[in-house]
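The following exercises are to be worked with the sequence and the three-dimensional model at hand. Each task is followed by a solution in steps.

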Amino acid sequence: MQKPIVIFMEYKVKEESTETYLTEMKKVIEEMEALETGSVEWYEAADQKGLYVEMVEVSSMKEYEYIKERRRDPADAAFGGLLPLLEKGTAGMNCWAFSRLNKK
């Protein structure tokens, strides 16, 4: 049995885009839930204004690759609106996949 994959997405939002970002994130979270991923955990850095991390659990690397591709696609209806708000655009959307070692 394959262990679940935990996706971390990290990016920095332009200061002037914060309000728009907060609105766009509602769509992002709704779409992630529609994809039947685990619940999205969403964090803002306590020590770096505008730095955000999302964490979600998926069942496979295939699902991770699918989400990663969509999250970096500026034409994606659910996720593309976030990219222009990032300090480095698409290049600023960092995605990583991890397997848990201390939980079954």
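**Exercise 1.** Determine whether Tyr21 is buried or exposed in this predicted model.

*Solution.* Step 1: the relative accessibility of Tyr21 is 0%. Step 2: a residue is buried when this value is under 20%. Step 3: Tyr21 therefore counts as buried.

**Exercise 2.** Classify the ring pair of Tyr11 and Tyr21, and then that of Tyr21 and Trp42.

*Solution.* Step 1: the structure holds 5 aromatic pairs. Step 2: in the pair of Tyr11 and Tyr21, the ring centres are 5.8 Å apart and the planes stand at 70°. Planes over 60 degrees apart count as edge-to-face, so this pair is edge-to-face. Step 3: Tyr11 belongs to strand 1 and Tyr21 to helix 1, 10 residues apart, and the pair thus links distant parts of the chain. Step 4: for Tyr21 and Trp42, the centres are 6.0 Å apart and the planes at 65°, so that pair is also edge-to-face. It joins helix 1 to strand 2 across 21 residues. Step 5: Tyr11 and Tyr21 are both buried, whereas Trp42, at 33% relative accessibility, is partly exposed. Step 6: ring pairs link Tyr11, Tyr21, Trp42 and Tyr52 into a cluster.

**Exercise 3.** Identify which residues of the largest nonpolar core touch the most other members, and which helix gives the most to this core.

*Solution.* Step 1: the core has 24 residues, and Tyr11, Tyr21, Met32, Leu82 and Met93 touch the most other members. Step 2: at least two core residues come from each of strand 1 (5–12), helix 1 (18–34), strand 3 (51–58) and helix 2 (61–71). Step 3: helix 1 gives the most, with 5 residues. Step 4: beyond four places in sequence, the residues that Tyr11 touches include Met25, Leu51, Leu82, Leu86 and Met93. In soluble globular proteins, nonpolar side chains tend to be buried together.

**Exercise 4.** Establish whether Arg70 is buried or exposed, and which side chain it joins by a polar contact.

*Solution.* Step 1: Arg70 lies in helix 2. Step 2: its relative accessible area is 15%, so Arg70 is buried. Step 3: a polar contact of 3.1 Å connects its side chain with that of Glu31. Step 4: apart from neighbours within four places in sequence, Arg70 is in contact with Glu31, Leu35, Asp76, Ala78 and Phe79.

**Exercise 5.** State where Glu36 is placed and what is notable about its phi.

*Solution.* Step 1: Glu36 sits in the loop between helix 1 and strand 2 (41–44). Step 2: its phi is near 60°, a positive value in a residue other than glycine. Step 3: most residues other than glycine have a negative phi. Step 4: Glu36 counts as exposed, because its relative accessibility is 69%.

Conventions: Residues numbered from 1 in each chain as written. Predicted model: local features only at pLDDT ≥ 70, side-chain atom pairs only at ≥ 80, totals over all residues. Heavy atoms only, no water. Core = buried A, V, L, I, M, F, W, Y, C linked by side-chain atoms within 4.5 Å. Buried < 20%, exposed > 50% of the residue type's maximum accessible area, 1.4 Å probe, protein only. Helix = DSSP H or I, 4+ residues; strand = E, 2+ residues; numbered from the N terminus. Contact = heavy atoms within 4.5 Å. Polar contact = N/O pair within 3.5 Å; in protein donor to acceptor, adjacent residues only side chain to side chain. Phe/Tyr/Trp six-rings, centres within 6.5 Å; stacked < 30°, edge-to-face > 60°.
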